[in-house]
Amino acid sequence: MGTFLRAITDGVLQGGVYGLMAVGLTLIFGVLDIINIAQGILVVLGAYLSYVLWTHLHIDVFVGLLITIPAMFLLGVAIQYLFIRPLRGRERTSMSLLACYSVAIIIEGILYQVFGSNYLSINNYWNSPRAEFKIFGYYLPYIYVLGFVLAVVLVVAIYLMLYRTQFGRSVRATMQDHTAARLVGISVNRVAALTFGIGVGVTAVGGMVFGELNAINPNTGYDLISRLLAIVILGGMGSIGGALAASVFVITLASLVDVYWNPEWSTVVFYGALVLVLVFRPQGLFGRKEARAQ
Amino acid sequence: MTALLRTEGVSKAFGGVQALSDCSIEVEQGSIAGLIGPNGSGKTTLFNMITGYGRVDSGDVYLNDTKITGLAPDKVFALGIGRTFQLTRVFSRLTVMENMIVAAHHQERSGQAGRLRNPFARAGGAATRQRAMELLEFTGIAKLAGDRAETLSYGQRKLLELSYVLIADPEIILLDEPAGGVNPTLIGTITERIRELNRQGTTFLIVEHNMEFVMGLCDRVTVLDYGNAVVSGPPDVIRNDRRVLDAYLGTAEEDDDSSAA
Amino acid sequence: MRPAVIWRAAGLAVLLAVVALVPLGNNVVVTQVGVLVLLYVGATVAWNIFSGFTGYISLGAAVFFGVGVYTVALITKHLNLTGGVVFALYPLGGLVAAAVAVPFGLIALRVRRHTFVVVTIAVFFIFQLMASNFSWTGGAIGIIPPYLNWNAATVWNPFYYTALLIAVVAIVLAWGIWGSRFGLQLRAIRDDEDRARGLGVKTMRVKLTAFVISGFIIGTLGGLYFYYQADALPQYAFNPFFDLTIALMAFLGGFGTLTGPIVGALLLEPYLGWAQQAVSNTYAAEVVLGALFLIVIIFLPRGILPTVGEKLTAARASRQRRAAERAAGPPPGSPVGATPAGSAAGGAS
């Protein structure tokens, strides 16, 4: 019983963090109509950045976010501007996906070059035994809770941005119809670049938490993207609320699979669930139905 | 004269928008029927419901008194209803001739039902190609037969769409804005071709905004407004009907006191 | 027959002869690399038969490849086969891969194009993970063939000729499909699938057939690879770079064309094969692969051959135009001189 509760708690708290990253992914899909398959490795990159900031510069990971979030944001903008925007032609969406995949393996290769294939961990206060709440006899690491809170704060911020600001309105208009948005004077290119930036920027936070909780190596990107894709697709591509709900559900499920079955198989379970949802209910739980022919 | 094609009480909503509302129209065999109405009145939606690009919420579609409601587009096409699109849909990377062959595909198939066909057979037998060339000459784009469809001008693409719909020898052809965005000379050509085909027995249902085109060509015109067929009759009657003016311009009483007609 | 056709056939015959004679040069390394080059030619052509013709980009070809590898691996392990007879087993790898292609295709081909890519990636990872985790596939250790006592000097020759045979079969198949009704339907699907379906084309059946054919060829190549590598390991049999490499080769040479995949593979694989030997660092290779891919899809989206072809056509058209202008003398007030062959310039739109 205790294990079960623990698995659930872990799942929910981590689900929040994954939710943030999934929101980023779904935002990118909503506005640009592309699946940023590099999101997984970008989270890993975020983790490595936090690692470097702590291990070599002794900057606390939370403080380090002040550096990593803008850095990842700019990286996202750069990726969109350099590699996605120039793509033309009718197969743009598939080509964009290939472009994201290429970017992903470039980043993976660079990470291997720089850091090697050994697993690294961030060893600092946050994952030391003292940094935990003690509730009902269980130890709940601060990082879980803080990460969750931070993720929630950022999701709320994104939500507010979308629904209360001029820029957010442009984003939502672009999500509906690129041509119509242009006609009312929205610079779709700018919105696209900035949205991609936001979508990637959030991986800095996800990466930091992930890096604290797990040993990282460039290969962990694949597992991450399997979960993120499963979440986003289950929740519905383009739906923020869906991404959140789905992430809590999926990660809790992952947590249970890890505990009760076998961590090796969790990735398979996710890819499998992904395939099933894509085939039988492609719009997920909350997403809009694909209307375009291609 | 029997109604070759008719719809009975067809309704269709998209989210909050009622595109078609109890829409009933009739197209007589051998006639050229027109379908007009302001933007948003449901004309293209009606075409979609008839040809299977979407399911009706309620109501039925009949071809020769056989219910064809809800059949998939390929079945509808096989039953003899051809259809063109407002934004022309041709196979861009294929040549004009290849476009024709793809459409003729089901003709070839039905002619050899039951036999194991060689899937690697050359595309388009001699008979198909000959018929395709005849049709391309009829519509006047035969000299483009070897060109890729994407190099055709907009008007030429409309002619190509018409040609490949014809190769299936349909009983009735639904034309969605055949004169839209086309220069006057070409409109004349299209009008002539439609008349010629009609003389040979093909029925037409045409959606158009170009009033001159519709009134000059059609035997009978139906007016849609807010997804409902409000009036139907010969062009002269329709032209002067109050309800048509209302549909297009809004009710006169909403403006100032002076009556319009 | 037209002279152009005769020239082309003669050229191909010469090419084939040259390629067939390579192993006789007795350069073991060249032959060894040659096997890989031919393998990639065959794989890229096969991939193109499905992805290029229908426009559904698949990143799951490695599934077929890996299935082929493991099928042959398991058969030879359990039957303890040695000797040349193993070469006859490769098509079995192809058959099992084709069998896998059926449910794979039935599931994956129901979704839209760019979701399709994601599904193929997901299925790929599922297979890779299964290969690593199942005990009967040898898990992470994999499977090695029974001891083979083959002559080191000529060991690669049978591989070379087999790969050549498979590649030629693939090319002939692709060529046959291209001009056939089946091929036309595939290409129509690429241009406007809904319209094609509306005109009566049985799109699922057509797509699935191409998918299975593609899987069969790639699976057979996988079988060959098992003996070439002399082991079956999850990360090499199910290698994501395999997918990316053949996609890159197809795009480089001209996505969706007939000769494009061949050219792409011939251009790229010798370089990649050499790079792999010279620079034993696979991670740098990753970066190069990704970068190459980006360069190709951004700057050469239609591939080298079509782009070069277009540039030549445009150059020819402008030469003709200038010649016509000169011949026409001073222009009578109109801005542009007449172009004799309208369709030549019309192609550059």
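## Helix H1 of chain B and the two sheets

In this predicted model, helix H1 of chain B lies across strands E3, E6, E7, E8 and E9 of chain B, where E3 covers residues 32-36 and E9 covers 220-225. The angle between H1(B) and E7(B) is about 145°. H1(B) also lies across E1 (3-14), E2 and E4 of chain B, and runs at about 115° to E1(B).

The helix spans residues 43-51, and 8 of its 9 residues are buried, so H1(B) is largely enclosed by the rest of the structure. The buried residues are Lys43(B), Thr45(B), Leu46(B), Phe47(B), Asn48(B), Met49(B), Ile50(B) and Thr51(B). After H1(B) comes Gly52(B), which has a positive phi, near 90°.

## The mixed sheet of chain B

Strands E3, E6, E7, E8 and E9, across which H1(B) lies, belong to an open sheet of 6 strands with mixed pairing, in the order E6-E7-E8-E3-E9-E10. Its edge strands are E6(B) (81-83) and E10(B) (228-233), each of which pairs on one side only. With direction ignored, neighbouring strands of this sheet are turned by 20° against each other on average.

Within the sheet, E7(B) (residues 172-176) and E8(B) (residues 203-207) run parallel and are joined by 5 bridges. One of the bridge pairs links Ile172(B) to Thr203(B) in E8(B).

## The antiparallel sheet of chain B

An open sheet of 4 strands in chain B has the order E2-E1-E4-E5, and its pairing is antiparallel. E2(B) (17-28) and E5(B) (66-67) are the edge strands; each has a single partner strand, so one side of each is left without a neighbour in the sheet.

E5(B) pairs with E4(B) (residues 58-63) in the antiparallel sense over 2 bridges. In E5(B), Thr66(B) is the bridge partner of Leu63(B).

## Chain A

Chain A contains 11 helices and 2 strands. Read from the N terminus, its elements follow the order α-α-α-α-β-β-α-α-α-α-α-α-α. The radius of gyration of chain A is 19 Å, close to the 19 Å given by the globule rule for 294 residues, so chain A is as compact as a globular protein of that length.

Along the principal axes, the C-alpha atoms of chain A fill a box of roughly 60 × 45 × 35 Å. Of its 294 residues, 53% count as buried. Among contacts in chain A with a separation of 6 or more, 77% are between residues 24 or more positions apart.

## Contacts between chains

There are 2 pairs of chains in contact, and chains A and C share the most contacts. In this pair, 38 residues of chain A are in contact with 33 residues of chain C. On the side of chain A that touches chain C, helices H4 (92-115), H9 (220-235) and H11 (263-280) of chain A each supply at least two residues. H4(A) gives the most, with 15 residues. This side of chain A divides into 24 nonpolar, 10 polar and 4 charged residues.

Chains A and B do not touch, and their nearest C-alpha atoms are 11 Å apart.

## The nonpolar core

The largest nonpolar core has 283 residues, and those with the most contacts inside it are Leu274(A) and Met100(B). Helix H2 of chain C (residues 28-54) gives the most to this core, with 15 residues.

Not counting residues up to four places away in sequence, Leu274(A) touches Ser226(A), Leu229(A), Ala230(A), Ile233(A) and Ala122(C).

Definitions and conventions. Residues are numbered from 1 along each chain as its sequence is written. Chains are lettered from A and ligands numbered from 1 in the order in which they are written. This is a predicted model: local features need pLDDT of at least 70, side-chain atom pairs count only at pLDDT 80 or more; totals for chains, interfaces and linings use all residues. The radius of gyration is taken over C-alpha atoms; the globule rule is 2.2 Å times the number of residues to the power 0.38. A residue is buried if 20 or more other C-beta atoms lie within 10 Å of its own, exposed if 12 or fewer, and partly exposed in between; C-beta atoms are placed from the backbone. Two residues are in contact if their C-beta atoms, placed from the backbone, lie within 7 Å. A nonpolar core is a set of buried Ala, Val, Leu, Ile, Met, Phe, Trp, Tyr and Cys residues joined through C-beta atoms within 7 Å. Ala, Val, Leu, Ile, Met, Phe, Trp, Tyr, Cys and Pro count as nonpolar, Asp, Glu, Lys and Arg as charged, and the others, Gly among them, as polar. Two strands pair if DSSP finds at least two bridges between them. Axes are lines fitted to C-alpha atoms, for helices over the stretch in contact, and angles run from 0 to 180 degrees between N-to-C directions.
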